[in-house]
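Colleague: Could you take me through this model? I'd like to start with the ligand and then turn to the packing.

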Amino acid sequence: MDLSPEICSSLCFFCHLHQDILNFVTVISPYSLYLHIPFCTHRCGYCDFNTYAGLENLIPAYVDALIREIRYVATTSGTRLPVHTIFFGGGTPSLLPVDQVADILDAIKQSYDLELNTEITLEANPGTLNLEKLQGLKQVGINRLSFGVQSANPEDLRLLERKHDFADVIQAVKWTRQAGFDNLNLDWIFSLPGQSLASWQRNIELAIDLNTEHLSLYALSIEHGTPFKEMSSRGLMPLSDPDLAADMYEWASAQLSRAGFMQYEISNWAKPDLDGKPLACRHNLQYWRNLQYIGLGAGAHGYVGGMRIANTLAPAVYIKKLRNGGSFSWPRTPATATAEPVDSSREMDETMIMGLRLVDEGVSKDDFSQRFGAQLGTIYADQIKKLAVLNLLEDAGNSLRLTERGRLLGNQVFIEFV
Ligand code: SF4
């Protein structure tokens with residue numbers, strides 16, 4: 001039986017099975033809101049995000065447009081949507097003045113039903129903060145911060161064209177605590193050109209000393225269209241060594257575990273909360289569990305109403321489109337560039353690929369059958385058998401998850417589900 005909404009929507013009024021599945025995604029699960037702030041003071045050589053330097057003069061008009069889009073989605077959805085996480089990503093959201101962050105959050109509170117303990121994260125660059133600003137952000141409702149640290153080594157930071165130094169990071173963490181934040185993430189990058197294992201180990205030791213609740217560790221990826229790609233194509237940048245990258249990852253993983261961090265995702269570690277569970281980023285869990293999120297802002301992506309939505313990229317065009325308005329049906333807005341329906345087969349594949357990133361939780365067999373009306377072990381019998389023989393995937397009773405070896409070779413696993 002094909003359960004995709006497009007195919008059997010005429011039956012849904014009567015079909016309890018399908019209704020239960022739709023309820024699982026649309027009613028039981030609250031939404032997440034992603035707000036893209038596409039401004040940076042400088043565009044770093046490795047960055048392929050939709051972000052722009054030198055357009056800060058557009059920020060007030062952009063915030064106005066973002067608020068229009070927030071209200072547009074709320075109005076066309078026809079109901080007050082429940083929301084449990086909000087994420088200001090970028091770009092550099094910490095470039096926004098506190099009163100503009102407050103205006104955005106006020107618009108969200110007026111239009112959506114926020115859960116009592118809604119996680120509200122703001123990404124920040126350490127050099128863009130001071131104590132007063134952090135106190136202001138805390139006061140208007142931000143309760144989680146994520147700092148782009150990348151490295152403590154000045155050579156690495158110069159190579160990455162980051163404008164802060166490690167002293168800025170230490171100071172920012174100190175101010176964060178003074179301002180009353182108790183949920184702080186630091187992003188780090190490894191496998192940098194010229195980076196030694198010893199230099200990376202020093203970074204991890206310093207990260208542990210900063211005593212934050214959460215750490216994200218990413219291997220540098222050289223993306224098309226970036227100056228790094230151009231340099232590496234011309235042989236001006238040493239290629240990273242995959243064996244060294246694996247050593248860095250394994251060393252960090254073991255060291256963080258000794259320091260009391262719990263790894264819950266391929267690239268993410270968190271300290272335990274009072275119940276002994278990792279203080280995970282709940283917003284990102286929404287992505288990894290393949291649940292619905294609304295993307296707002298220039299270039300933002302969403303997964304909502306059974307569609308993958310992508311917004312127009314350029315901030316000036318985004319502003320114009322929201323000013324012009326127009327009539328678009330949920331979940332589209334005037335800023336929507338593409339809206340691609342996701343059929344149930346693709347939704348299943350995406351649920352596997354995203355869910356297997358959760359190294360401990362994996363993909364829950366019960367959630368899968370409740371959502372799709374089919375058994376995970378039946379749909380993916382061939383893939384599971386093949387990957388289990390290669391010691392990349394294991395049956396953990398109620399779930400399917402990566403083995404230790406599978407964490408290092410994740411792409412080899414994910415490709416089987418495409
Ligand atoms: S600060 Fe971050 S978002 Fe901005 S250009 Fe650099 S890497 Fe990209």
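The chat below goes through the ligand shell, the nonpolar cores and one threonine.

Modeller: Happy to, and please keep in mind that this is a predicted model.

Colleague: Which residues are around the ligand?

Modeller: The ligand is surrounded by Cys40, His42, Arg43, Cys44, Tyr46, Cys47, Phe49 and Thr51, together with Gly91, Asn125 and Arg162.

Colleague: And how does that shell split by class?

Modeller: Five of the shell residues are nonpolar, four are polar and two are charged.

Colleague: Switching to the packing, which residues touch the most other members of the largest nonpolar core?

Modeller: That core has 91 residues, and the ones touching the most other members are Phe88, Ile104, Ile142, Phe147 and Trp188. Helix H3, covering residues 59-77, is the biggest contributor with nine residues, and at least three residues come from each of domain 1 (29-288) and domain 2 (344-417).

Colleague: What does Phe147 touch?

Modeller: Leaving out residues up to four places away in sequence, Phe147 touches, among others, Ala124, Pro126, Leu129, Val173, Leu184 and Leu186. Another core, of 14 residues, lies apart from the largest one and includes Tyr34, Tyr264, Trp288 and Val342.

Colleague: What about Thr351, is that residue buried or exposed?

Modeller: Thr351, which is found in helix H13 (residues 344-355), has a relative accessibility of 8%, so Thr351 counts as buried, the cut-off being under 20%.

Colleague: Which side chain does Thr351 make a polar contact with?

Modeller: The partner is the side chain of Asn290, at 2.9 Å. Beyond four places in sequence, Thr351 also touches Val363, Phe368, Arg371 and Phe372.

Key
Residues are numbered from 1 along each chain as its sequence is written. This is a predicted model: local features need pLDDT of at least 70, side-chain atom pairs count only at pLDDT 80 or more; totals for chains, interfaces and linings use all residues. Side-chain values use heavy atoms; hydrogens and water are left out. A residue is near a molecule or strand if one of its heavy atoms lies within 4 Å of it. Ala, Val, Leu, Ile, Met, Phe, Trp, Tyr, Cys and Pro count as nonpolar, Asp, Glu, Lys and Arg as charged, and the others, Gly among them, as polar. A nonpolar core is a set of buried Ala, Val, Leu, Ile, Met, Phe, Trp, Tyr and Cys residues joined through side-chain atoms within 4.5 Å. Buried means under 20% relative accessible area, exposed over 50%, partly exposed in between (1.4 Å probe, protein chains only). Helices (H or I, at least four residues) and strands (E, at least two) are DSSP runs, numbered from the N terminus. Domain bounds come from an automatic or database domain assignment. Contact means heavy atoms within 4.5 Å. A polar contact is a pair of N or O atoms within 3.5 Å; within protein, one must be able to donate a hydrogen and the other to accept it, and residues adjacent in sequence count only if both atoms are side-chain atoms.
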